[in-house]
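Hi everyone, thanks for making time. I'd like to walk you through a structure that may be new to you, so have a look at it while I talk.

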Amino acid sequence: MQSRKFRIGLIGGGGIAQAVHIPGWKNLPDVEIVGVADVSEPTAKKAAELAGVAQIFSDYRDLLKLDLDAVDICTPNRVHTPAALAALEAGKHVICEKPLAVSTAEVRELGQLADRKKLKLMTAQHQRFTHGAKAAKAWVDGGNLGEAYHARVRAMRRAWLPTSPGFIDATLAGGGPCMDIGVHALDLCLWLMDFPKPVRVSGSAKTVFAKGHDMPNMWGEWDRKRYTVEDFASGYVHFENGATLMLEAAWMCHQTENEELLAQIFGKKGGIKWPTAEFATVVNGVHSQGSLTHPTHVEHPHWNELAAFYDCVVNNKPSPVPWTETIKVIGILEAIYTSSQEGKEIALKL
Ligand SMILES: NC(=O)c1ccc[n+]([C@@H]2O[C@H](COP(=O)([O-])OP(=O)(O)OC[C@H]3O[C@@H](n4cnc5c(N)ncnc54)[C@H](O)[C@@H]3O)[C@@H](O)[C@H]2O)c1
């Protein structure tokens, strides 16, 4: 007799769902996707075909009426909170693409609801599941960093501006590169720093190139009128323990690298960089350095993230990316925008 499989409902069947979430779930033998909800019928059909499921829905509330164990949310950012609230209210565990929400109030509402209902809630921060990140984390946990006193976070692209409305229309995206890719490097950096409490943030968010026509984009043309998010943001963060952090995020800028993703942490015993997992330290009075990983390792971080979520639900383990960590990430990003709008440093009370 075949035992019942773990049943997933997918909300949002577009780019990331088709590229990595559907293959990742299919890679787990005890899991099945039983339905897909997408406001675009052709997208729902394509995703359902890839997932090998028959049931598609235009309204995720209808998907939630199915017998599901968990829901995987891959919609534009601003749909994350309403979809996750509905899924939690319906008693389903939730994994949701980054950013979990675009404000701390939303993260708190989601987290408290999940806690009250004893359901798992995980932000899909797949970068934590890369070899480089795991090696860096083990190095830090091994006591090699010492007290972290400063960090640099960069998510800077030369000309990779996503063109779909879900990324460039503020009513759907809730933010530009700061929320889209800054969130990856910031989450990784805070994770390596053991999530100190941010207390003050100043920042700036601006649209330098995306309203104009001078910068060629590797992903092609986009709707300038609909473009209502920043294309560059920077921030400076103070933590309760005295540590500081500088962040820069851009979809377009004049730099020679196509993309630079970086979290660099300076500790009193050593320093570490992600994603390269390069370290610097002093051994017996001599400056010493190296790299913790081999760059040719094949890896599937998105698949690993889905497997970790499945494991936390079926074995009742803590969420691998809990909302109590995510709220610090989103709190900093939100405060960068608020500081930019109000022209002053923002005190965070998380
Ligand atoms: N972790 C990563 O590496 C990574 C990479 C890309 C995107 N993402 C995240 O994944 C999410 C989706 O991005 P994408 O690139 O797949 O975008 P996409 O536009 O390709 O897909 C989003 C899908 O959601 C659907 N949708 C919109 N509103 C909906 C609603 N109310 N109900 C159901 N479906 C709805 C759209 O029709 C679309 O098919 C975003 O939050 C983004 O930040 C993460």
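Let's start with a pair of neighbours: strand 13 and strand 14 run antiparallel and are joined by six bridges. If you want a spot to look for on screen, find A280, which faces Q289 in strand 14. These two strands make a hairpin, with two residues between them. In that turn, N284 has a positive phi of about 50 degrees. Before I go on, please keep in mind that this is a predicted model.

Now step back along the chain to strand 12. Strand 12, residues 270-274, pairs with strand 13, residues 278-283, again in the antiparallel sense, this time over four bridges. Here G270 is the residue opposite T281 of strand 13. Strand 12 and strand 13 also form a hairpin, and three residues lie between them. The turn there contains A277, whose phi is positive at about 55 degrees.

So where do these strands belong? They are part of an open sheet of nine strands with mixed pairing, in the order 14-13-12-11-7-10-9-8-15. Strand 14 (286-291) and strand 15 (346-347) are at the edges, and because each has a single partner strand, one side of each has no neighbour in the sheet. Further in, strand 7, residues 148-157, and strand 11, residues 259-267, run antiparallel and are connected by nine bridges. To place that pairing, look for R154, whose bridge partner in strand 11 is L262.

Let's move to the ligand. Which pocket holds the ligand? It sits in the largest pocket. Around the ligand there are 22 residues, and the closest are G15, I16, D38, N77 and H80. By type, the shell splits into eight nonpolar, 11 polar and three charged residues. Helix 1 (15-26) and helix 4 (77-89) each give at least two residues to that shell. The largest share, three residues, is from helix 4.

Here are some polar contacts to zoom in on. A polar backbone atom of I16 is 2.8 Å from an oxygen atom of the ligand. The side chain of K98 has an N or O atom 2.9 Å from a ligand oxygen. Next to K98 in your view, try E97: one of its polar side-chain atoms lies 3.1 Å from a nitrogen atom of the ligand. How much of the ligand's accessible area does the protein cover? On its own the ligand has 840 Å² of accessible area, and the protein covers 80% of that.

That's my tour, and thanks for listening!

Conventions
Residues are numbered from 1 along each chain as its sequence is written. This is a predicted model: local features need pLDDT of at least 70, side-chain atom pairs count only at pLDDT 80 or more; totals for chains, interfaces and linings use all residues. Side-chain values use heavy atoms; hydrogens and water are left out. A residue is near a molecule or strand if one of its heavy atoms lies within 4 Å of it. A polar contact is a pair of N or O atoms within 3.5 Å; within protein, one must be able to donate a hydrogen and the other to accept it, and residues adjacent in sequence count only if both atoms are side-chain atoms. Accessible areas come from the Shrake-Rupley method with a 1.4 Å probe; for residues, only the protein chains shown count as cover. On a 1 Å grid over the protein atoms alone, a cavity is a set of points where a 1.4 Å probe fits but cannot get out, and a pocket is an open set with protein on both sides within 12 Å along at least five of seven lines; lining residues have an atom within 4 Å of a point. A molecule sits in a cavity or pocket if more than half of its atoms lie within 2 Å of its grid points. Ala, Val, Leu, Ile, Met, Phe, Trp, Tyr, Cys and Pro count as nonpolar, Asp, Glu, Lys and Arg as charged, and the others, Gly among them, as polar. Two strands pair if DSSP finds at least two bridges between them.
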